[in-house]
Amino acid sequence: MFEKWLNKPEKYQEENNRIIISADGKTDFFVDPALNAVMSNAPLYMTEIKGDFSFSCKVKPLFKAKYDAGAVMLYIDDYNWIKFAFEKTDLGYPAVVSVLTKDYSDDCNGEEIPHDSIYLKMSRKEGLTGLYYSLDGIIWKMKRLFRFEGNYYRNIFLGIESQSPVGEGCEVEFSEINLLEKPVKDFRKGI
């Protein structure tokens, strides 16, 4: 399903409905609002997406350092993208993190998720975008609902990303990958 790499990693595996991406150390996507520094060197495996969609997958990072993560991304360019990640936060625990970047990145950490894997879902209907997570792939919780409408008709890519901004590298397994060419019916519930 994915056909194009941005920052192709030296090591990755793809078989059946499972992809393992190994990010090198010092890799990330982030436009720091305080320092005006841009990082856009993490491996991102993507496909061009047009119109409405719903995408979900199971994400299992092998956490080592803070900010190690596996993510689902909606990418236009280095200054316009959405990252929805399962990340080892600077608070010392794994959490669901969302980053919306329009020229600069915001950063929104969630509560502790004491598991080694999680399901992430992203859905879009015209300019409306919803981000959801689940522990079992059945019951979903909304993390964020927002508009990203100015970019709806531009070339846009959907992908999966592995990162290790301050660490020596991070391996992430993505499985149970599912893409539908229609949005969720209920943007509050993610179903």
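**Exercises on a predicted model**

In this predicted model, a polar contact of 2.6 Å joins the side chains of Arg18 and Glu15.

**Exercise 1.** Describe the surroundings of Arg18, beginning with its strand.

*Solution.* Step 1: Arg18 belongs to strand β3, which spans residues 18-24. Step 2: its relative accessible area is 27%; since buried requires under 20% and exposed over 50%, Arg18 is therefore classed as partly exposed. Step 3: leaving aside residues up to four places away in sequence, Arg18 touches Gln13, Glu173, Phe174 and Ser175. Step 4: with Glu173 there is a polar contact between the two side chains, at 3.5 Å. Step 5: the C-alpha atoms of Arg18 and Glu176 are 6.9 Å apart, although 158 residues separate the two along the chain.

**Exercise 2.** Determine which residues touch the most other members of the largest nonpolar core, and list the contacts of Ile160.

*Solution.* Step 1: the core holds 33 residues, and Phe55, Met122 and Ile160 touch the most other members. Step 2: beyond four places in sequence, Ile160 touches Phe2, Ile19, Ile21, Pro43, Leu44, Tyr45, Phe55, Cys57, Ala71 and Phe174. Step 3: another core, of eleven residues, lies apart from the largest one and includes Tyr75, Trp81, Val97 and Phe157.

**Exercise 3.** Characterise the largest pocket by its volume and by the residues of its lining.

*Solution.* Step 1: the volume of the largest pocket is about 180 Å³. Step 2: 13 residues line this pocket, and Asp28, Phe30, Tyr67, Glu87 and Asp107 are the closest to its centre. Step 3: at least two lining residues come from each of β4 (29-31), β9 (80-88) and β10 (94-102). Step 4: by class, the lining comprises six nonpolar, two polar and five charged residues.

Terms used:
Residues numbered from 1 in each chain as written. Predicted model: local features only at pLDDT ≥ 70, side-chain atom pairs only at ≥ 80, totals over all residues. Heavy atoms only, no water. 1 Å grid on protein atoms, 1.4 Å probe; cavity = no way out; pocket = protein on both sides within 12 Å on 5 of 7 lines; lining within 4 Å. Points joined across faces, edges and corners; volume = space filled by probe spheres on them. Helix = DSSP H or I, 4+ residues; strand = E, 2+ residues; numbered from the N terminus. Nonpolar A, V, L, I, M, F, W, Y, C, P; charged D, E, K, R; others polar. Core = buried A, V, L, I, M, F, W, Y, C linked by side-chain atoms within 4.5 Å. Buried < 20%, exposed > 50% of the residue type's maximum accessible area, 1.4 Å probe, protein only. Contact = heavy atoms within 4.5 Å. Polar contact = N/O pair within 3.5 Å; in protein donor to acceptor, adjacent residues only side chain to side chain.
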